[in-house]
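Open the model in your viewer and keep the selection panel at hand. Here is a tour, stop by stop.

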Amino acid sequence: MQKGGLRYLRTLSWWDLLAILLILAIVIVFGSTAHQMTAPFAISEQPRISLSPWALPAYTLRTTIRMLIGLAASLLFTLIYATLAAKNRRAELLLLPILDVLQSVPVLGYLSFTTILFISLFPYTWLGPELAAIFAIFTAQAWNMTFSFYQALKTIPDDLDEASRCFRLTAWQRFWRLEVPFALPGLVWNMMMSMAGGWFFVVAAEAITVGRLRIILPGVGSYLAQAIATRDIPAVGWSILAMAMAIILCDQLLFRPLVAWADNFRFEQAPVGATPKSWVIDLFRKARFIHLTVKPVRQGLQWIIRSRFSLSSARNQTAVTGALKRRVTGFAWVMLLISALLYTGWKFFVFSQPELTLSDLGIVLENGGITLLRVIVLISLATLVWVPVGIIVGLRPRLSQQIQPVAQFLAAFPANLFFPIAVFFIVRFHLTPSIWLSPLMILGTQWYILFNVIAGASAFPGDLREAGAMLRVRGWNWWRKIMIPAVLPYYITGAITASGGAWNASIVSEIVNWGPTTLNGSGLGAYIAQMTIAGDYPRIALGIAVMSSFVITMNHLFWRPLYAFAARRTRLG
Amino acid sequence: MPNNKIFPVLEMKNICKGFAKPSGEALPVLSDISLTLQKGEILGLLGRSGSGKSTFLRITAGLISASSGEVRYCGKLLNGPEEGISVVFQTFALFPWLTVYENVQLGLDSLHLGTSEVHERVMSAIDLIGLDGFQSAYPRELSGGMRQRVGLARALVIHPTLLLMDEPFSALDVLTAEILRSDLMDLWTGHQLPPMSVLLVTHNIEEAVLMCDRIIILSSNPGRITAEIPVRLPHPRSRMDTRFQDVVDEIYSILTSRTTELIHAQIQTHGERVEPLPGVSTNLIEGFVETLANSPYNGKAELSELANELTLEIDDLFPIAETLYILKFADLREGEIKLTENGLLFAKGGTEERKKLFKYHLLEYLPLASHIKHVLDEREDHRAPRIRFQSELEDYMTQGRAERTLNAVIAWARYAELFSYDDNSRTFSIIPVSAHKA
């Protein structure tokens, strides 16, 4: 067995296959039971959504609250799941591949199952649909945060680890004084990314139809759905405005202060040029009254963090277990996992047997091929446009300081708010949906490519740039030999996010409505969306499974090797 | 500790430590080390990198366990970090998100003390070590020297019985290290520190002689005690003192004789082509040989003198000397290095002659190099994957050491134009002579 990350990469594909079966089986079994349970139940009174702009602030607030609850849940999940995976080698063997699969399942794919599940868990109250929407947000936010925290736990510097053991900190003290602070900057950054992704899905999750079940939760998403149903263009405009305000406020009031605060936890000890600033934090620092009121709270937290909270007199002993014993129990654990997976796999097969035929698989694969083609073409187009732009912007510090926040804002903006406008034009000018709907997939996620490339280009060392200028490297050579290799790792990071986002977005962008008109661009996303509306669970599951497999395959066979290659080539020494 | 009057602070008996090789077999890092540390003593543990001295310190701290043997701390068997033992780390190991005050306070978190006592002890440790006024600073605002002062204060705040220092000054520049060292020794000799014993791990010979009451010298691969030297000079000690220089010279001569013995022993026990090689760049080799060939040395020098002149630590100096010795460009004896005839030729030659000479010596005296060349010659396409040689080496050494050894050979072979290596495909290849000359 190899060390940490490497071993994980190598054994992943095999575990993925098993884990995907496990998850889908569980989801389907739960979902179908729930489906039966809901039969006599119907939500008869749906709230009426007002299209007045004055109703929007309240709707936006409700949407934002859902977002924040989802974020809090993701944070809790992250702290527990990642800690388990990082601390226990056996748990790691199971939890990591599962996380990888969970990440590749399209967010809206979860929704069709979980909506019914939550409604059946909390019948006759709005809690059910609310929780379903929040869960959708959670699934859009949690995975990358968990990966980031796990990575941090795995890369805790040796000397700090040893120091905390020397001072005999308990697991509790160690968690709050070493592990969480070390992971914090990365975690906050990923929370920001998560929030950006979350807006897209919260909008999509507020107005959904699964089979006979139609749910409308008051919020920006349902306002938009209502606007689409009544073909109200000004209302679409109002919802875009409201969302923009919400995003800006969240950024200023929540994330700027968080980023500025998290900067204290940077591990690099050398001082760096610009430290992130936030007027909110400055305000609170100056406000003496608030200081005084907050002080006891702070002291209380400090006390909790510093208390030992160890149940047993558990001392972190240097454990000595026999190699043989370890191997035997390790083998037993793996066997147990495999048999559990085989069992659930068999369950899945039995469940889907009577309904699905081989021709269904053929149809799904064909649709998957169409969507794959779209993703490839769109990512290539976005690359051709945004890589040169990103490089040019990134090499000009003043310009990139202005453009970077805009790019991040655009990435956070839920692109589905713009769909009605695009659709309006497609209908108006009688354009071919299967071609002209495609760009919608990448409308929101292309910005990840742009701002990652900007970040890469602005981190490009000045001396290398000057060396290039002195050697008079110009034109195509300048791009090919200097800039493109330099930003490649950054570009790949952005492109992975962009392509993952495009797959996710396909479910809402390959098939769209404008009033009574429905445009169908066909593809796997359209397939899943149609099956969801029809409430055809086995086919939804099949669609999701195939989409996940496409995403996982693309990540493992294309993006990760490419990233490893780029990272190795740009490293010196 | 009620027993610390009767028992020595630290008692190590037959400590062995091995790390598992890929095959599952254990590879020894420390072999049969026994020592005793008395109350109030500063014991130095001197060795080159690879002597396992840091591993040894971590065993003493209870951070890792020994494969066999026993560690007693104040008479009690040690298993896991124990109250009263603290460590000063080479890299300081400060928590960047905690202030100086909080970093020092961290040492007391595991003790059950009242708030006011914690504050008092933190402040007095900060005072003692000269950090007054820096309480609210973050580590990143401090210079290296100040950071290590925080490391010291954090170790002293718990009033340790045993202070373990892992190359505490080696990450600092020479001047700062000197000041910190003498400040610490002033506190020690002025009895301003809480009563304790110190174990200092270092690769700096002068540092060991300046600070320690007793020095234990470890040999490398695996670490073993080769010699024990008491230092009976009064504090403060001066480098100018001839008695001081005598001790330093004695240590150099022990180290050189151990180095040559070891090389021979390895060749004898394993047969050929298996000695781990130090990764010394050919630039360093050229520079070193030139310096040695020119006046005032004229081909012969005391290692201690060279170390001073070139400001080389033993971890830099010995690998070069060892390389020259393995390649038979120089002879090592009793702390003295002397160029061989070919060594002198190498110094005088131009680039082409040097490369030719180097190539000849590689093939003649470095079995691993001639082995690789041989394999490449045998093969039809004159190519061989790296993994082939890597796994051969791993039968005899750890993965990391095998990798470094192979990298060293690659660098030397590239210089000598003996064979080439492509890191992307990780393959060795040899270019036919005709194509190469063209």
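The tour goes from helix pairs in one chain, through the chain contact, to a sheet and the domains of the other chain.

**Before you start**

This is a predicted model.

**Stop 1: two helices of chain A**

Select residues 397-412 of chain A, helix H14, and residues 446-458 of chain A, helix H18. Their axes lie 9 Å apart, and the packing angle is about 155°. An angle over 145 degrees counts as roughly antiparallel, so H14(A) and H18(A) are roughly antiparallel to each other. The crossing of H14(A) past H18(A) is left-handed.

Now show side chains. From H14(A), the contact takes A:Pro397, A:Ser400, A:Ile403, A:Gln404, A:Ala407, A:Gln408, A:Leu410 and A:Ala411. H18(A) answers with A:Trp447, A:Tyr448, A:Leu450, A:Phe451, A:Ile454 and A:Ser458. Colour this contact by class: 10 residues are nonpolar, four are polar and no residue is charged.

**Stop 2: a second helix pair in chain A**

Move to helix H20 (residues 475-509) and helix H21 (residues 524-534), both of chain A. Here the angle is about 50° and the axes are 7 Å apart. H20(A) is therefore oblique to H21(A). Look along the pair for the handedness: H20(A) passes H21(A) in a right-handed crossing.

Which residues of H20(A) make the contact? Pick A:Ser506, A:Ile507 and A:Ser509. On H21(A), pick A:Leu524, A:Gly525, A:Ile528 and A:Ala529. The class count for this contact is four nonpolar, three polar and no charged residues.

**Stop 3: where chain A meets chain B**

Display both chains. The contact involves 26 residues of chain A and 22 residues of chain B. On the chain A side, select helix H6 (158-166) and helix H7 (171-205), each of which supplies at least two residues. H6(A) gives the largest share of that side, six residues. Colour the chain A side by class to find 12 nonpolar, six polar and eight charged residues.

**Stop 4: the sheet of chain B**

Hide chain A. In chain B, six strands make an open sheet with mixed pairing. Trace the order S6-S7-S8-S3-S9-S10. Which strands are at the edges? They are S6 (85-88) and S10 (224-230) of chain B, each pairing on one side only. From one strand to the next, the twist averages 20°.

Zoom in on strand S3 (residues 42-46) and strand S8 (residues 197-202) of chain B. These two run parallel and are joined by five bridges. For a single residue pair, take B:Leu46, which stands opposite B:Thr202 in S8(B).

Next, add residues 144-156 of chain B, helix H4, which packs on the sheet. H4 of chain B touches S6 and strand S7 (162-166) of chain B. Its direction makes about 175° with that of S6(B).

**Stop 5: the domains of chain B**

Zoom out. Colour residues 10-243 of chain B as domain 1 and residues 282-437 of chain B as domain 2, following the domain assignment. How far apart are the C-alpha centres of the two domains? They lie 36 Å apart.

Finish at the domain contact. Domain 1 of chain B contributes nine residues, and domain 2 of chain B contributes seven residues. On the domain 1 side, four residues are nonpolar, three are polar and two are charged.

Conventions: Residues are numbered from 1 along each chain as its sequence is written. Chains are lettered from A and ligands numbered from 1 in the order in which they are written. This is a predicted model: local features need pLDDT of at least 70, side-chain atom pairs count only at pLDDT 80 or more; totals for chains, interfaces and linings use all residues. Axes are lines fitted to C-alpha atoms, for helices over the stretch in contact, and angles run from 0 to 180 degrees between N-to-C directions. Helices (H or I, at least four residues) and strands (E, at least two) are DSSP runs, numbered from the N terminus. Angles under 35 degrees count as roughly parallel, over 145 as roughly antiparallel, 65 to 115 as roughly perpendicular and the rest as oblique. A crossing is left-handed if the near helix is turned anticlockwise from the far one by less than a right angle, and right-handed if clockwise. Two residues are in contact if their C-beta atoms, placed from the backbone, lie within 7 Å. Ala, Val, Leu, Ile, Met, Phe, Trp, Tyr, Cys and Pro count as nonpolar, Asp, Glu, Lys and Arg as charged, and the others, Gly among them, as polar. Two strands pair if DSSP finds at least two bridges between them. Domain bounds come from an automatic or database domain assignment.
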